[in-house]
Amino acid sequence: MRFVGIDPSSKTGFVALDEAGEVLRRKELTGVGSADPKRIVTLVDEIISNLHRDDVICLEGYSFGSQGKGVSFQYELGGMIREWLYRRNYNYTIITPSQLKKFATGKGNTPKEAMAVPIYKRWGFESNSNNVVDAYVLAQMARAIKQSDCGRLALNLPSFQLEVLQAIAG
């Protein structure tokens, strides 16, 4: 079983962890070309080619407050990924940007550029890509969700991470 984090954007972060939390795969995916829809379709194909059937997946949800040219790309890509995962009955959870930030840093409104240090201190993970860093946290969240579902929730999780897991569980 692998735990996968996907941060969908024009440069999509993808990270897969094993059950012990070791990185099996880390990659920034870009698709082919510069024009939509070819770039979106090839990016979804690239994401799919990196998935395994039994993966437990956390996918970052939409950033509804975002504005600008990249927003429509984000929504189209996110919709296509969701449709593909849904139609093939993959186990996935949508994580809001604030849940991701809170799980990583303890604060749901941490600026993206301020997340690298807390993530490195907690897990020893670093990357030149913010998208890969976010995907890593999402993969750690998938791992924690699965552990809590199996009744093996690690007692060493900080309270802010437990709060995020409780909010996700609803």
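**Exercise 1. Determine how the residues of the lining of the largest cavity divide into nonpolar, polar and charged.**

Solution. The lining of the largest cavity divides into seven nonpolar, no polar and no charged residues. Here Ala, Val, Leu, Ile, Met, Phe, Trp, Tyr, Cys and Pro count as nonpolar, Asp, Glu, Lys and Arg as charged, and the others, Gly among them, as polar. The residues in question are Val44, Ile47, Ile48, Leu51, Ile81, Trp84 and Leu85. Both α1 (38-49) and α2 (70-87) supply at least two residues of this lining. The volume of the largest cavity is about 30 Å³. A cavity is a set of points on a 1 Å grid over the protein atoms alone where a 1.4 Å probe fits but cannot get out, and lining residues have an atom within 4 Å of a point.

The model is predicted: local features need pLDDT of at least 70, side-chain atom pairs count only at pLDDT 80 or more, and totals for chains, interfaces and linings use all residues. Residues are numbered from 1 along each chain as its sequence is written, and side-chain values use heavy atoms, with hydrogens and water left out.

**Exercise 2. State the strand order of the open sheet and identify which strands stand at the edges.**

Solution. The order of the five strands is β3-β2-β1-β4-β5, with mixed pairing; two strands pair if DSSP finds at least two bridges between them. β3 (23-29) and β5 (91-95) each have a single partner strand, so one side of each lacks a neighbour in the sheet. From one strand to the next, the twist averages 15 degrees. Strand β2 (residues 12-17) runs antiparallel to β3 and is joined to it by six bridges. Ala16 has Arg25 in β3 as its bridge partner. The hairpin of β2 and β3 has five residues between the strands, and Gly21 there takes a positive phi near 90 degrees.

**Exercise 3. Describe how helix α3 and helix α4 cross, and which residues meet.**

Solution. The axes of α3 (residues 97-105) and α4 (residues 116-123) come within 8 Å and cross at roughly 50 degrees. That makes α3 oblique to α4, a class left after angles under 35 degrees (roughly parallel), over 145 (roughly antiparallel) and 65 to 115 (roughly perpendicular). Phe103, Ala104 and Thr105 of α3 meet Pro118, Ile119, Arg122 and Trp123 of α4, contact meaning heavy atoms within 4.5 Å. These residues divide into five nonpolar, one polar and one charged.

Notes: Axes are lines fitted to C-alpha atoms, for helices over the stretch in contact, and angles run from 0 to 180 degrees between N-to-C directions. Helices (H or I, at least four residues) and strands (E, at least two) are DSSP runs, numbered from the N terminus. On a 1 Å grid over the protein atoms alone, a cavity is a set of points where a 1.4 Å probe fits but cannot get out, and a pocket is an open set with protein on both sides within 12 Å along at least five of seven lines; lining residues have an atom within 4 Å of a point. Grid points are joined across faces, edges and corners, and a volume is the space filled by probe spheres set on the points.
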